[in-house]
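Colleague: I have a new model open and would like to go through it with you. Can we take it step by step, from the strands to the loops?

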Amino acid sequence: MKELSTWQYSLVRPLVQGAPHNGPVIFSVIEGAQSGRVFAEREENPSFAIIVLEDILFFAGTPSDTLHKADIHRLLHEQISTGEIPYYELQPLSMAWYPLLTDAFGNEICARRVRKTFSITPEHLADESYHLSPQLAEPYRCCLMNEKPEGFWAPHTRRFGVAIMEGDEAVCTCVAVFVGDGMAEVSIDTMEGKRRQGLATYCAKAFFRECTKRGLHPNWACWQERTASAALAEKLGFAQSYIHEVPIVKM
């Protein structure tokens, strides 16, 4: 297995195009918005690739007969892990990877979490009636987040966000934590004590309007136990489009 240089990352684009989950996250690495690593079977026309972003490994394409469980185990333990990250998420983009990953890591898999992906049609977001909602009452106001252009908000990340403010304090935020392939990964959070007031709904819709201005489509995903997030997605018109198991490897 070969590690690709950053200028070669686009070689694996055909393997992840139309990924059923985590599209913006994966493409944020391929497009250079986020710093990650890409490993492939070969440079020309690879049949599979492994995209690494911090503590997440995405397995794309179809594992070939020449790929053995020892190869994947060695890759994580000897080339990816530095000993600083205690757990890694294994995120296959197809069912073909699961038997190989189970064989490769065996008892090192300490948990299997379930992640849900939700989608909404562009037509739904384009409907003017979708954005009709009560005006934001005092003392709240909605605005674009104005963060320093460095670190998390560095321009190359393409991140942006919308906040509902109470005075100088952000009580609800909706942020594009990953941007790639024309999509924005949604992360929304409301301060304790400010929930169940409709702030998240208002903030999310303002965020979706900003996505439209930027030519982006929102992508929503959450862990199965995050029932409030799933309920909010459905309230906003999203429908569950995919569900998958995520093995967690303890180093």
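Colleague: How many bridges join strand 6 to strand 12?
Modeller: Keep in mind that this is a predicted model. Strand 6 covers residues 109–119, and strand 12 covers residues 239–250. The two run antiparallel. Within this pairing, Arg113 has Val246 as its bridge partner. The number of bridges joining strand 6 to strand 12 is 10.

Colleague: Which residue of strand 11 is the bridge partner of Lys116?
Modeller: Strand 6 is also joined to strand 11, residues 217–223. There are 4 bridges, and these strands run antiparallel. The partner of Lys116 in strand 11 is Cys222.

Colleague: Do strand 10 and strand 11 run parallel or antiparallel?
Modeller: Here 3 bridges join the two strands. Met183 stands opposite His217 of strand 11. The direction of strand 10 and strand 11 is parallel.

Colleague: Which strands are the edge strands of the sheet?
Modeller: The open sheet has 12 strands with mixed pairing. Their order is 1-2-3-4-5-12-6-11-10-9-8-7. An edge strand pairs on one side only. That describes strand 1 (2–3) and strand 7.

Colleague: What span should helix 3 have at 1.5 Å a residue?
Modeller: Helix 3 has 12 residues, 69–80. The expected span is 1.5 Å times one less than the number of residues. The end C-alpha atoms lie 16 Å apart, which agrees with the expected 16 Å.

Colleague: What arc do the buried residues of helix 3 cover around the axis?
Modeller: The buried residues are Ile72, Leu75, Leu76 and Ile80. They sit on the same side of helix 3, because their arc around the axis is only 85°.

Colleague: Which helix do the buried residues of helix 3 pack against?
Modeller: Their packing partners include several strands: strand 2 (37–40), strand 3 (48–53), strand 4 (56–61), strand 5 (87–92) and strand 12. There is a helix in the list too. That is helix 4 (98–105).

Colleague: Which helix gives the most to the largest nonpolar core?
Modeller: That core has 33 residues. Those with the most contacts inside it are Ile164, Phe207, Phe208, Trp220, Leu236 and Phe238. Several elements each supply at least two residues, including strand 8, strand 9 (169–180) and helix 7 (227–235). The most, 9 residues, comes from helix 6.

Colleague: How many residues has the other core?
Modeller: This core lies apart from the largest one. Among its residues are Val29, Ala40, Ile51 and Leu93. The number of residues is 22.

Colleague: Is Asn22 buried or exposed?
Modeller: Asn22 is found in the loop between helix 1 (13–16) and helix 2 (23–30). Beyond its neighbours within four places in sequence, Asn22 is in contact with Phe58, Gln91 and His244. Its side chain makes a polar contact of 3.3 Å with the side chain of Gln91. Its relative accessible area is 8%, and buried means under 20%, so Asn22 is buried.

Colleague: Is Asn45 buried or exposed?
Modeller: Asn45 lies in the loop between strand 2 and strand 3. Its phi is positive, about 45°, although Asn45 is not a glycine. Its relative accessible area is 63%, and exposed means over 50%, so Asn45 is exposed.

Colleague: What is the relative accessible area of Arg158?
Modeller: Arg158 is in the loop between strand 7 (140–144) and strand 8 (160–166). Arg158 is not a glycine, yet has a positive phi of about 65°. Arg158 counts as partly exposed, with a value of 34%.

Colleague: What distance separates the C-alpha atoms of Glu108 and Val179?
Modeller: Glu108 is in the loop between helix 4 and strand 6. Among the residues Glu108 touches are His73, His77 and Ile248. Val179 is 71 residues apart from Glu108 along the chain. Their C-alpha atoms are separated by 32 Å.

Colleague: Which residue has a side chain joined to that of Glu192 by a polar contact of 3.2 Å?
Modeller: Glu192 is in the loop between strand 10 and helix 6. Glu192 counts as exposed, at 63% relative accessibility. The side chain in this polar contact belongs to Arg195.

Conventions:
Residues are numbered from 1 along each chain as its sequence is written. This is a predicted model: local features need pLDDT of at least 70, side-chain atom pairs count only at pLDDT 80 or more; totals for chains, interfaces and linings use all residues. Side-chain values use heavy atoms; hydrogens and water are left out. Two strands pair if DSSP finds at least two bridges between them. Buried means under 20% relative accessible area, exposed over 50%, partly exposed in between (1.4 Å probe, protein chains only). The arc is that of the directions from the helix axis to the C-beta atoms. Contact means heavy atoms within 4.5 Å. A nonpolar core is a set of buried Ala, Val, Leu, Ile, Met, Phe, Trp, Tyr and Cys residues joined through side-chain atoms within 4.5 Å. A polar contact is a pair of N or O atoms within 3.5 Å; within protein, one must be able to donate a hydrogen and the other to accept it, and residues adjacent in sequence count only if both atoms are side-chain atoms.
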